[in-house]
Amino acid sequence: MAENSNKRIALVTGANKGIGYETARQLAKQGMIVLLGARDEQRGKEAAVKLQSEGLDVQFLRLDTDNQKTHEAARRFIEDKFGKLDVLVNNAGIALDLMQKPSEVDMQTLRKTFDTNFFGVIAVTQTLLPLIRKSDAGRIVNVSSGLGSLTQNSDPSWEFYQVKPLAYNASKTALNAFTVILAHELKDTAIKVNSADPGFTATDMNDHRGYKTVEQGAAVITQLATLASDGATGSYFDDKSVLPW
Ligand SMILES: NC(=O)c1ccc[n+]([C@@H]2O[C@H](COP(=O)([O-])OP(=O)(O)OC[C@H]3O[C@@H](n4cnc5c(N)ncnc54)[C@H](OP(=O)(O)O)[C@@H]3O)[C@@H](O)[C@H]2O)c1
């Protein structure tokens with residue numbers, strides 16, 4: 001029997017560290033019940049305990065974007081416990097080819113990157129969508145990257161013009177396509193779907209070379225996860241503006 005809570009329920013994937021962890025904190029600070037998604041039970045539980053020690057309503061939920069069985073188990077858990085899902089933040093992601101030339105990246109790296117950053121996001125979203133439809137204000141945030149913008153990739157004056165890992169950038173471009181196309185399907189519902197670019201943020205993904213803090217990186221995700229009913233859908237934002245596709 002689902003709990004009858006007035007609180008909004010959020011799930012953040014890949015939330016045991018980095019931008020996802022900080023997003024979980026920010027959403028919980030806004031009064032949500034946050035399910036901290038992680039593929040590894042120990043890392044996920046430890047991260048949840050840390051946020052609980054700050055007095056936040058956070059619980060670990062095992063979710064590996066590459067493993068459909070964990071998506072189904074997550075759906076059953078959320079359905080039984082809460083009966084709905086208000087916010088889904090598709091944050092989990094990998095970058096395996098940051099140092100590789102596009103002409104040399106191997107097919108395995110391309111496929112693995114797309115499995116996690118693209119196919120996994122679609123699979124998780126499709127599995128959980130029936131529960132998001134039960135929310136009166138569903139919000140789906142796909143954590144993309146400025147590196148997924150074809151316009152920016154083609155602009156020699158763009159700050160990150162030289163950064164061209166094919167697998168990573170193309171997986172985020174594909175993710176942006178999912179945002180646009182799913183938002184179109186859901187345009188007459190209460191669900192908004194947007195892509196977020198956290199910006200170059202110091203995390204394990206880039207050996208902490210990013211110049212933004214995780215607090216700054218997560219801010220745009222939190223904003224899109226809490227958009228008002230007249231907010232955008234099918235769009236792509238960083239913390240300053242709308243980005244070109
Ligand atoms: N940092 C940046 O500058 C930057 C810029 C633009 C966009 N982004 C995006 O922001 C998101 C978060 O990245 P981050 O910088 O915070 O990187 P991070 O510190 O490496 O964190 C990535 C998270 O994703 C999880 N993950 C990876 N594969 C997974 C899978 N198959 N199933 C579930 N979880 C999985 C990791 O779990 P484990 O701990 O188990 O590996 C980790 O929790 C990513 O989508 C990334 O592409 C980052």
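Which polar backbone atom lies 2.7 Å from an oxygen atom of the ligand? The backbone atom belongs to Asn91. This is a predicted model. In the model, the ligand takes up the space of the largest pocket. The protein covers 94% of the 910 Å² of accessible area that the ligand has on its own.

**The pocket**
- The largest pocket has a volume of about 1,200 Å³.
- Its lining counts 50 residues, and Ile19, Tyr168, Thr203, Met205 and Asn206 are the closest to the centre.
- Three elements each supply at least two lining residues: helix H1 (18-29), strand E2 (33-38) and helix H6 (166-185).
- H1 gives the largest share of the lining, with three residues.
- Sorted by class, the lining holds 18 nonpolar, 17 polar and 15 charged residues.

**The shell around the ligand**
- There are 30 residues around the ligand.
- Asn16, Arg39, Asn91, Tyr168 and Thr203 come nearest to the ligand.
- Tyr168 and Thr203 are also among the lining residues closest to the pocket centre.
- By class, the shell has nine nonpolar, 13 polar and eight charged residues.

**Polar contacts with the ligand**
- Ile19 uses its backbone: a polar atom there is 2.8 Å from an oxygen atom of the ligand.
- Asn91 also uses its backbone, with a polar atom 2.7 Å from a ligand oxygen.
- Asp64 uses its side chain, where a polar atom lies 3.0 Å from a nitrogen atom of the ligand.

**Putting the site together**
- Ile19 is one of the residues closest to the pocket centre, and its backbone has a polar atom 2.8 Å from a ligand oxygen.
- Asn91 is among the residues that come nearest to the ligand, and its backbone supplies the polar atom at 2.7 Å.
- The ligand fills the space of the largest pocket, and H1 and H6 are the elements that give two or more residues to the shell around the ligand.
- H1 and H6 also each supply at least two residues of the pocket lining.

How values were computed: Residues are numbered from 1 along each chain as its sequence is written. This is a predicted model: local features need pLDDT of at least 70, side-chain atom pairs count only at pLDDT 80 or more; totals for chains, interfaces and linings use all residues. Side-chain values use heavy atoms; hydrogens and water are left out. On a 1 Å grid over the protein atoms alone, a cavity is a set of points where a 1.4 Å probe fits but cannot get out, and a pocket is an open set with protein on both sides within 12 Å along at least five of seven lines; lining residues have an atom within 4 Å of a point. Grid points are joined across faces, edges and corners, and a volume is the space filled by probe spheres set on the points. Helices (H or I, at least four residues) and strands (E, at least two) are DSSP runs, numbered from the N terminus. Ala, Val, Leu, Ile, Met, Phe, Trp, Tyr, Cys and Pro count as nonpolar, Asp, Glu, Lys and Arg as charged, and the others, Gly among them, as polar. A residue is near a molecule or strand if one of its heavy atoms lies within 4 Å of it. A polar contact is a pair of N or O atoms within 3.5 Å; within protein, one must be able to donate a hydrogen and the other to accept it, and residues adjacent in sequence count only if both atoms are side-chain atoms. Accessible areas come from the Shrake-Rupley method with a 1.4 Å probe; for residues, only the protein chains shown count as cover. A molecule sits in a cavity or pocket if more than half of its atoms lie within 2 Å of its grid points.
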